[in-house]
Amino acid sequence: MIPPRESPSFRTGWKSKSIAMRTAHAFLADCNVGRLARWLRVLGYDAAYESRIADPELVARALAEGRVLLTRDADLTQRRVIANGTLPAVLLRSDHVEDQLRQVIQEIGLESPSLEGGGLTRCLECNQELEPRDKAQVAHRLPPYVRATQERFSQCPRCERVYWPGTHWQRMRARLAAL
Ligand SMILES: [Zn+2]
């Protein structure tokens, strides 16, 4: 299941050690694994996604930006820069996004997806880092129930989507905890 477009979340700040670990890996998802990119963003990772890009450009961008390439395309991983280890890549075995996430966590050695005390740090839509906002700054964009019940907000500086903690976010945490 794709995290819903209006996925509420919140930003309370990861512990500094977690920030270092989370920024140590950046990813570039091939067009066939876009949903995986969204879930990596839920975990706070920089996960870029290209819905339409030719293989040479995809490889060039991953190399230039130091990103781990994520793909379902076995032919792509036969390219020399990937086969010889210059460009790290994960060839995903499953079509199911939770299996894919589990495989990436294992192969890259990512921190296990414990979300204790944390919230979303990246926009699920555009991979931009979220910024904390006072309620007064975003009140005009909130549904009445959210405005009445929520106190912590963050916002994407690019698409202006507002995030807050709520039932959607709790469901995502539960799915990640079950991995
Ligand atoms: Zn955004």
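Start by selecting Q128, which sits in the loop between α5 (97-108) and β5. Helices here are DSSP runs of H or I with at least four residues, strands are DSSP runs of E with at least two, and both are numbered from the N terminus. This is a predicted model, where local features need pLDDT of at least 70, side-chain atom pairs count only at pLDDT 80 or more, and totals for chains, interfaces and linings use all residues. Residues are numbered from 1 along each chain as its sequence is written.

Buried or exposed, where does Q128 fall? Q128 is partly exposed, because 16 other C-beta atoms lie within 10 Å (20 or more would make a residue buried, 12 or fewer exposed, with C-beta atoms placed from the backbone). Now add R122, C123, C156, P157 and R158: Q128 contacts these, neighbours within four places in sequence aside. Contact means backbone-placed C-beta atoms within 7 Å. Q128 and R158 are 30 residues apart in sequence, yet their C-alphas are 7.0 Å apart.

Next, pick out the open sheet, ordered β5-β6-β7 with antiparallel pairing. Strands pair if DSSP finds at least two bridges between them. β5 (131-133) and β7 (162-163) are at the edges with a single partner strand each, so one side of each has no neighbour in the sheet. Zoom in on S154, whose bridge partner in β7 is Y163.

Last stop: β1 (residues 26-29). Two bridge partners of F27 are worth clicking: A47 in β2 and V68 in β3. β1 runs parallel to β2 (residues 46-49), with four bridges, and parallel to β3 (residues 68-71), with three.

How values were computed:
Contact = placed C-beta atoms within 7 Å.
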